[in-house]
Structures are given as C-alpha cells and as structure tokens.
Amino acid sequence: MSVTHVTQDAVQDATHGTTQDMAQGAARSVVRGVVQDTARPPVQEEAGGKAQEVGWAGGGDEAGGSNGTGTAEAFERGRGAAGAAGAGTVGATRAAKELDLRRGEFELAVQLGHIRTVLAARGGRRLVERAEIDRLRAAGGFPDALRERVRTVGTAEGARLLSVSPGRFTRLARAGYITPMRFYLNRYRVIVWLYVADELRAFAAGEPALLVGRFPKAVGETAGPEEDRRGRNWRARRVGHLLRRSADPWERAAVIGAVLGAARLAEAVPDPYERAYLNRLRPILAPAHPESEAARAAVQGVLLAGHPDEVRWYRASLTVLLEEARLAKAAPRPGAAPGPASASAPEPAPDTEVRPDCRPQEPPTARAPEVPRRGGRGSLLTRLGVRNERNPGLGAAR
C-alpha cells in the first residue's frame, strides 16, 4: 500500500471522531513515513497489465486503487543525485523538445513520475539526464505512447472511457473513487476537474462492479449533495507530492500550512516569526490567479482545507512537522545568527490571503477649470499673427 493510501485512510478514518492527540499520533506515523520515503528510488506499481509510476499530478488518492500521491520522482532520485547533475543533463525546455512534448505535458509527466529528473548542483533547477531521454525515446510507441500516459480528460470524455453516464462518473468522483489530476476555472467561474485517462482505465479494470448496477451503500452515503471529496483528494495528492520534493523540515511544514489558510495557521503557529518564515517558504499549490472576488473564492475553496476532519488532520501534521523543524534549526529572528538556509529573518507580516488591493484610494484633488488668462501671450493664432477675417479685432484682442 502506498503512503498516499495510508494518508487518505488516516484522513477519512483515523481522524473521524477522534481527539486531537489521536490525530497527532496518526499524523506522526504517516508524516515520518513520507519523510523516510524521500530517498527511495521511483516507485512502480502494476496496474491494468502495465507499469504505472506513482506520482503527484494535482489530485488525491483514488479510493478504488488508482494511483495517488506516491512520489514517482521520489525526491527526484534523492539528494545524492544533486551533485552528479551537470554533465550529461539538459534543461526542461530542451528535454521537452527532444521528447516531442508540450511544456504542460512535460511538467505533468515529471509530476506523474514518467520522466525522472535530478536537482541541479546550483540554482535548484530540475534537469533531465541524457540517459533518461534516450530511455524514453527508445520505448515502444514513442512519442504517442508517452503523450497518452499524461493525457487528461474532463467529465464527458472520462465517462466515455468508463462506459458510464456523466452523472455516474461525477458521483464516483464526488465520493472519492475517481480523483482529479488538475482543475481550471471556466468563464462561468466554475471549477472544472481534469482526470488522467490512464488512471481511469486502471480504475475501470480494478473496480468493474462500481461501473454497473446500483451503487453500494457506502458510495450512496458518501456521495450526498453536501459531500464532495474531489477538492479534498486533490489537496492530499498535491501535499504528498510537495512533501516528497523537499528535504528541509521548515519547507515541509510550510506545505501543510499552505492548505490551512492564514487564520488557521495563526491559531496553530502563534509565534509571529515562525509564521512569517512559513509564509516565506509557502509553495504555490496551483498556478491560478483569478482577478474577481467570485473567482478567487472558488479557487480558495479548492486550495484550502474545509472539512473539520481534514483540518484536524493537517493541524496535527503541522504540529509534528514543526517539532521536527524546531529540532533541526530555529526560525530566523532579527539579530540572530543566520542559519544555513536563511541569511536574514523575515519580518512578521499580517496573515492575510492574497486578495485584490482593497486599500482606500486617495480622492482626486479637485482642480478649478483653467480659464484663459487675459493679457498673457495670447492664443496660437495671435502669436502667429493671424487675424480673424470675420472680426479683425479678435486677433489682437488678447
């Protein structure tokens, strides 16, 4: 069972109706498992008769057994590969071109673990080894097969892949059996979920009973109108991916803090300097920059944890990670000696979400209308010496 499945089980079962101490105990075991997993090589699981590398691509674990937040990059083959990166590696743009992938397809392939990367010795950029490119180009069906493994579909096409109605597909997704990979905001400010076609085929092969007949009682109970686990699963997957990409304990704590939001983070981390440090390290959960308030609220509903059980789980996880971070090093403070990962202490900032500028604008200064001055240099026609033909006196009246 992958770490993601353990995490999701803990979120949905262990924290339900438990005390905060019990939630922290479950979170401690799972988080430590994630941390220990970061140095392992990429994981591969057999699903539907073909190797499927586990990794994040924007969603949570599927309850039916499809791939989840396990790291396909597995901390990009470990920090030890960072020093070896250099000769024999290419950048992301060059690698995408050689693999005949669009930039979005390339990024998704990396997140899913189909393309393994290494950390550059300088600058922290992700590089692809020449041997990895050669391996992918030599695979059968290249490049169409690689593109198909990262192809995402919406609800309508996903329902066709499963041979079910769009309504049944949506119900399965809301119950957590089908996990979205990405999302975007349409022109009506509605969240549109995208799913990996390869994962849907694996789900159909592994859970055929859910595709026909009446829903099991458990599905009916969890697929009510008030219960939608798509955002919850997306966050779990994204968090799992980011945790595995980082080796710094404060960065891992910042990942958890990112899904709690400013108000809950202030409750969980009362120290303003620790909170400021977490805010500075906070990762980007999704590249979405909505402009209107309605669109911003819709996106925030996906990025931030909302269900009480989920909030309890992330707060417990944050407590565990903060304990480990404080043991490793203290958050930077003014006047303290700079740590290895920070040269200066961030000043505590107001704990506010990104919002449009709501500061009161200065009222425009009232100006009296300009009135032509008499006795001055006169109009342009006067300065040019042109006289009004209809009233010759006007040309020199000023």
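How many bridges join β3 to strand β5, and in which sense do the two run? The answer is 2 bridges, with β3 and β5 (residues 126–129) running antiparallel. A strand here is a DSSP run of E at least two residues long, a helix is a run of H or I of at least four, and both are numbered from the N terminus. Two strands count as paired if DSSP finds at least two bridges between them.

Before going on, a word on the model: it is predicted, so local features need pLDDT of at least 70, side-chain atom pairs count only at pLDDT 80 or more, and totals for chains, interfaces and linings use all residues. Residues are numbered from 1 along each chain as its sequence is written, and side-chain values use heavy atoms, leaving out hydrogens and water.

**The sheet around β5**

β3 and β5 belong to an open sheet of 3 strands with the order β3-β5-β4 and antiparallel pairing. Because β3 (89–90) and β4 (118–119) each have a single partner strand, they stand at the edges, and one side of each is left without a neighbour in the sheet. Within this sheet, T89 has E129 of β5 as its bridge partner. Helix α6 (residues 130–138) packs on the sheet and touches β3 and β5 (contact means heavy atoms within 4.5 Å). The direction of α6 makes about 60 degrees with that of β5.

**Strand β8 and its partners**

Strand β8 (residues 191–196) is mostly covered, with 5 of its 6 residues buried (under 20% relative accessible area, 1.4 Å probe, protein chains only). Its pairings are set out here.

| Strand | Bridges to β8 | Sense |
|---|---|---|
| β6 (residues 152–153) | 2 bridges | antiparallel |
| β7 (residues 182–185) | 4 bridges | antiparallel |

On the β6 side, V153 stands opposite Y195 of β8. On the β7 side, R182 has L194 of β8 as its bridge partner. The hairpin of β7 and β8 has 5 residues between the strands, and R189 there takes a positive phi near 60 degrees.

**A helix pair**

Helix α13 (residues 249–268) packs against helix α14 (residues 272–281) at an angle of about 110 degrees, with the axes 8 Å apart. Axes are lines fitted to C-alpha atoms over the stretch in contact, and angles run from 0 to 180 degrees between N-to-C directions. That makes α13 roughly perpendicular to α14 (65 to 115 degrees). The contact involves residues including W250 and L265 of α13 and Y277 and L281 of α14.

Key: Parallel < 35°, antiparallel > 145°, perpendicular 65-115°, else oblique. Buried < 20%, exposed > 50% of the residue type's maximum accessible area, 1.4 Å probe, protein only.
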